[in-house]
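Visitor: Please take me through a close look at a single part of this model, and then show me how that part sits in its surroundings. I work with coordinates every day, so do give me the cut-offs behind the terms you use.

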Amino acid sequence: MTLPRTILGLLALTATALGAGAASAYVLVTTDDGTPVTWSLGCVEVWTNPAVVEELTPEEVLAALELGLDAWNAVGCSWIEGAARGFTCFDHVGLASWPGPQNEVLSRDEPESWRHADRVVALTSLSYDPRDGEISDADIELNGEDYRFAIDGSLNAYDLQQTLTHELGHVFGLNHTPVASATMYALSYPGEISKRTLAPDDITGLCANHPLSTAPDSGACEPAEPVPAAEPWCPKRPDDDCAGGGGGAPWGLALALLALWRARRRLRWG
Ligand SMILES: [Zn+2]
């Protein structure tokens with residue numbers, strides 16, 4: 001059984017208030033006893049759902065995901081590595097009992113499809129073992145219902161690459177930092193692209209929870225051609241829907257990227 005626990009804006013705002021001015025101020029996601037939540041897999045595979053982000057092709061969304069992963073993969077003092085595996089029609093947020101862990105990027109474009117606060121631009125849900133902090137699943141939702149995303153630096157839309165780079169930081173166990181220039185800062189605004197590039201604070205954080213000294217034996221990501229949007233990987237759920245359970249019960253934790261107050265507005269076509 002998954003025990004959902006949602007922490008939205010309050011978490012980010014509290015961290016900002018407490019940590020302002022600190023030189024190295026990254027914040028890690030931790031279990032209740034303070035253990036950082038981390039991956040033990042040598043390769044974190046991320047899929048994207050081909051449901052289109054308005055005005056962008058599925059391939060453009062995949063390219064933005066790959067660029068976001070590249071930013072984190074390039075950090076030399078951390079072993080963490082992620083790979084974009086292509087398209088899936090799977091759209092489950094949280095750890096599914098079947099087919100098991102699948103990390104996805106999902107766009108919530110349809111009316112009433114965004115189930116979180118409308119000030120939230122994007123949100124990552126982490127599932128981890130509360131006993132040792134091992135992450136088993138991470139899913140990124142984009143609020144396409146209330147916001148537009150772009151890849152060309154448009155001043156009327158949130159930059160998809162920057163947004164995904166931020167959310168991938170959550171996937172890798174980073175929480176919001178009080179450092180306003182860092183990718184992991186909780187607030188963003190339309191047209192902002194400077195945080196496509198990691199700040200020293202982001203890098204220090206990643207190397208704190210996934211240092212080279214803890215690299216797993218399972219190795220890095222194997223190169224693979226991404227599964228195309230025209231033929232997405234679509235697991236068929238078995239008739240027996242009662243499978244599941246076993247092992248530990250993961251906690252779910254949601255981490256949100258917020259729109260700046262002054263940028264809050266509904267940007268809808270038509
Ligand atoms: Zn965030």
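Guide: Let's start with helix 2, where Pro58, Val61, Leu62, Ala64, Leu65, Gly68, Leu69, Ala71 and Trp72 are buried. Helices (H or I, at least four residues) and strands (E, at least two) are DSSP runs, numbered from the N terminus. A residue counts as buried if 20 or more other C-beta atoms lie within 10 Å of its own, as exposed if 12 or fewer do, and as partly exposed in between, with C-beta atoms placed from the backbone. Two housekeeping points belong here. This is a predicted model, in which local features need pLDDT of at least 70 and side-chain atom pairs count only at pLDDT 80 or more, while totals for chains, interfaces and linings use all residues. Residues are numbered from 1 along each chain as its sequence is written.

Helix 2 covers residues 58-73, 16 residues in total, and reaches 22 Å from its first C-alpha to its last, close to the 22 Å expected at 1.5 Å a residue; the expected span is 1.5 Å times one less than the number of residues. An α-helix has 3.6 residues a turn, so residues three or four places apart point the same way.

What do the buried residues of helix 2 pack against? Their partners are strand 2 (44-48), strand 3 (82-87), strand 4, helix 3 (160-171) and helix 4 (200-209). Contact here requires C-beta atoms, placed from the backbone, within 7 Å of each other.

Leu65 of this helix also belongs to the largest nonpolar core, which has 59 residues; together with Val121, Phe149 and Leu160, Leu65 touches the most other members. Such a core is a set of buried Ala, Val, Leu, Ile, Met, Phe, Trp, Tyr and Cys residues joined through C-beta atoms within 7 Å. In soluble globular proteins, nonpolar side chains tend to be buried together.

Following Leu160 takes us to helix 3, one of the packing partners. Helix 3 has 12 residues and spans 16 Å between its first and last C-alpha, close to the expected 16 Å. Since 12 of the 12 residues of helix 3 are buried, it is largely enclosed by the rest of the structure; polar names such as Gln161, Gln162, His166 and Glu167 are among them. Gly173 follows helix 3 with a positive phi, near 90 degrees.

Strand 4, another partner, leads into the sheet. Strand 4 (residues 103-107) runs parallel to strand 6, joined by four bridges, and Val105 has Ile140 as its bridge partner in strand 6. Strands pair if DSSP finds at least two bridges between them. Strand 6 also pairs with strand 5, in the antiparallel sense, over seven bridges, with Leu126 opposite Ala138. Seven of the eight residues of strand 6 are buried, so strand 6 is largely enclosed by the rest of the structure.

How far can you trust all this? The chain averages a pLDDT of 83, with 81% of residues scoring at least 70; pLDDT is the predictor's confidence in each residue, from 0 to 100. Helix 4, which helix 2 packs against, has the highest confidence, at 98, whereas helix 1 (residues 9-19) has the lowest, at a mean of 35. Residues 1-22 have pLDDT below 50. Where pLDDT is low, the predicted coordinates should not be read in detail.

Technical notes: Contact = placed C-beta atoms within 7 Å.
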